[in-house]
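Student: Before I learn any labels by heart, could we go through how each of them is justified? I would like to see the reasoning from value to word.

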Amino acid sequence: MAEITELVYYPVKGCAGIKLGSADLTPAGLRHDRGFMVVDERGGFRSQRKDPRMAVIRPEIDADGTRLTLHAPDVEPAVIEVDDATTARSEVELHGAGYLGIDQGDSAAEWFSAVLGTRCRLVRVPPEHDRVTNGLTEGTSGYADSCPILVVSEESLRSMNERLTDRGLPALPMDRFRPNIVVAGWREPHTEDLVRRSVSGDVELGYAKLAKRCAVTTVEQTSGRKDGPEPLRVLAEYRRTAGNGVAFGSKFAVLRTGELSVGDEFGVAEWGASEL
């Protein structure tokens, strides 16, 4: 039996995550997860792939989503009154797909531009956002890369870190993988790959696909600096996917909404075979 040991959401895509003791699960994932996105002047999304300093930006959002407070080292915080009702929409791009966003104004744009050292703006998911995420179970999400929920087990992290320490390399923390739900209690690593339907209280999740990992995992999340080839190099030795990628963790769609809390059982109602 596995239980939930961490719940994390990321109000601004690419920025620091916020840990929660309990959270509302919406059709698009944990409430307010990736509800905002930083874009360049052409509307293209920015991420830690090119802007690793995004990792040190810590956003806080009120429970009702009306006020966003932004923190970064050596910079005065910015308080943004969230605009989610204006009729103006901006065209934005995420991994080659076009969506719409509500621009959050010049103050937010100036703050992010100063912190990241390049001109950019902040947009909000509009209420009419209608996105279908793919995989074995379809779902929806805000500005997440794809599916709304990323699950990683502590056993998977421990197994990877054993490979690193056997080579004399330091173990890496869970935040390198930016999960939404961390679970613990399984006997074997990567058991999350085998879950096809999870039920925790009133909440139900459906497996979508393996989480293919990118260069964001090489960014040290407390300093906002790239930190060498790990964990991608070690994962390439035993977690290769078709197309020469690597996988770590699994992505899920939301089948039934409700409340999740740390300590809840991460129940499994249906199992399947790994896609790896």
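Student: What makes Phe 266 count as buried in this model?

Tutor: Keeping in mind that the model is predicted, we set the value against the cut-off: Phe 266 has a relative accessible area of 2%, and buried means under 20%, so Phe 266 is called buried.

Student: Why is the pair of Trp 186 and Phe 266 called edge-to-face?

Tutor: Two values are needed here, and the ring centres come before the planes. The centres of Trp 186 and Phe 266 lie 6.1 Å apart, and rings pair if their centres lie within 6.5 Å, so the two form a pair. Their planes stand at 80°, and an angle over 60 degrees counts as edge-to-face, which is why the pair has that name. It is one of 4 aromatic pairs in the structure.

Student: How do you know that this pair links distant parts of the chain?

Tutor: Trp 186 is in the loop between strand 13 and strand 14, whereas Phe 266 is in the loop between strand 19 and strand 20, and the two residues are 80 residues apart. Trp 186 is buried as well, because its relative accessible area is 10%, against a limit of under 20%.

Student: What makes Tyr 207 and Phe 252 an edge-to-face pair?

Tutor: Their rings are 5.8 Å apart, centre to centre, with 85° between the planes; since the cut-offs are within 6.5 Å for the centres and over 60 degrees for the planes, both conditions are met. Tyr 207 belongs to strand 15 and Phe 252 to strand 18, 45 residues apart, and both residues are buried.

Student: How do you know that the charged end of Arg 163 sits over the ring of Tyr 238?

Tutor: The charged end of Arg 163 is 3.6 Å from the centre of the ring of Tyr 238, and the distance limit is within 6 Å, with a direction within 35 degrees of the ring normal also required. Arg 124 likewise lies over the face of Phe 36, at 4.7 Å from the ring centre.

Student: Why is Trp 111 described as buried?

Tutor: Trp 111, which is placed in helix 1, has a relative accessible area of 9%, and because the limit is under 20%, the word buried applies. Beyond its neighbours within four places in sequence, Trp 111 is in contact with several residues, including Ile 57, Leu 70 and His 71.

Student: What makes the approach of Trp 111 to Glu 76 a polar contact?

Tutor: The side chain of Trp 111 reaches the backbone oxygen of Glu 76 at 2.8 Å, and the limit is within 3.5 Å.

Methods. Residues numbered from 1 in each chain as written. Predicted model: local features only at pLDDT ≥ 70, side-chain atom pairs only at ≥ 80, totals over all residues. Heavy atoms only, no water. Phe/Tyr/Trp six-rings, centres within 6.5 Å; stacked < 30°, edge-to-face > 60°. Helix = DSSP H or I, 4+ residues; strand = E, 2+ residues; numbered from the N terminus. Buried < 20%, exposed > 50% of the residue type's maximum accessible area, 1.4 Å probe, protein only. Contact = heavy atoms within 4.5 Å. Polar contact = N/O pair within 3.5 Å; in protein donor to acceptor, adjacent residues only side chain to side chain.
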